Amino acid sequence: QVQVVESGGGLVEPGGSLRLSCAVSGSRFSINVWAWYRQAPGKEREFVAAIHSGGGTNYADSVKGRFTISRDNAENTVYLQMNSLKPEDTAVYYCNAVNAVGSYWGKGTLVTVSS
């Protein structure tokens with residue numbers, strides 16, 4: 001059973017930073033794509049960032065230059081460093097891990113940007 005667990009969310013003031021973590025366990029296959037999505041209250045889930053097995057990354061335009069996705073292969077963990085946070089970044093952030101046989105989601109971690 002593949003498990004995906006996010007952590008690191010919390011309350012931060014505008015302009016602040018947070019680092020989210022996502023750990024995957026139980027996967028018999030290597031993770032090919034790691035991605036972060038988010039869902040704000042009353043809105044649909046949207047793509048934030050992804051990192052591929054070859055190291056390439058993609059970002060939503062709304063977070064480019066502020067967020068950085070990285071991974072630790074040895075720990076089967078991916079990170080999302082979020083800087084210069086804005087109130088509109090408030091959302092539940094979900095981690096998605098894709099391997100050769102499936103796509104797996106965590107339960108999410110809440111990020112609230114407010115003064």
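Is Thr109 buried or exposed? Select Thr109 to start: its relative accessible area is 10%, so Thr109 is buried (buried means under 20% relative accessible area, exposed over 50%, partly exposed in between, with a 1.4 Å probe and protein chains only). The model is predicted, with local features needing pLDDT of at least 70 and side-chain atom pairs counting only at pLDDT 80 or more, while totals for chains, interfaces and linings use all residues. Residues are numbered from 1 along each chain as its sequence is written, and side-chain values use heavy atoms, leaving out hydrogens and water.

**Stop 1: Thr109**

Thr109 is in strand E11 (helices, H or I, of at least four residues and strands, E, of at least two are DSSP runs numbered from the N terminus). Show the side chain of Thr109 and the backbone nitrogen of Gly9, which lie 3.1 Å apart. Next, display the residues that Thr109 touches, leaving aside those up to four places away in sequence: Glu6, Ser7, Gly8, Gly9, Leu20, Ala91, Val92 and Tyr93 (contact means heavy atoms within 4.5 Å).

**Stop 2: the nonpolar core**

Tyr93, a contact of Thr109, leads to the next selection. Tyr93 is among the residues with the most contacts inside the largest nonpolar core, together with Trp36, Leu80 and Met82. This core has 28 residues (a nonpolar core is a set of buried Ala, Val, Leu, Ile, Met, Phe, Trp, Tyr and Cys residues joined through side-chain atoms within 4.5 Å). Colour the strands that each give two or more residues to this core: E3 (18-25), E4, E5 (46-52), E7, E8, E9 and E11 (109-113). In soluble globular proteins, nonpolar side chains tend to be buried together.

**Stop 3: the disulfide**

Select Cys22 and Cys95, whose sulfur atoms are 2.0 Å apart and form a disulfide (a pair of cysteine sulfur atoms within 2.5 Å). The count of disulfides comes to 1. Cys22 is in strand E3 and Cys95 in strand E9, so the bond ties together parts 73 residues apart in sequence. The disulfide is left-handed because the torsion about its S-S bond is about -80°. Cys22 is buried at a relative accessible area of 0%, and Cys95 is buried at 0% relative accessibility.

**Stop 4: the salt bridges around Asp89**

Which residue forms a salt bridge with Asp89 at 2.9 Å between the closest N and O atoms? Select Arg38 (a salt bridge is a side-chain nitrogen of Lys or Arg within 4 Å of a carboxyl oxygen of Asp or Glu). Asp89 is in the loop between strands E8 (77-82) and E9 (91-98), and Arg38 is in strand E4 (33-39), 51 residues apart. Asp89 is buried at a relative accessible area of 1%, and Arg38 is buried at 6%.

Now add Arg66, which meets Asp89 in a salt bridge of 2.8 Å, N to O. Arg66 is in the loop between strands E6 (57-59) and E7 (67-72), 23 residues from Asp89. Arg66 is buried at 11% relative accessibility. Add Glu46 to complete the view: salt bridges with shared partners join Arg38, Glu46, Arg66 and Asp89 into one network.

**Stop 5: Lys64 and Asp61**

The structure holds 4 salt bridges. One of them joins Lys64 and Asp61, with the closest N and O atoms 3.2 Å apart. Asp61 is exposed, at 65% relative accessibility.

Notes:
A polar contact is a pair of N or O atoms within 3.5 Å; within protein, one must be able to donate a hydrogen and the other to accept it, and residues adjacent in sequence count only if both atoms are side-chain atoms.
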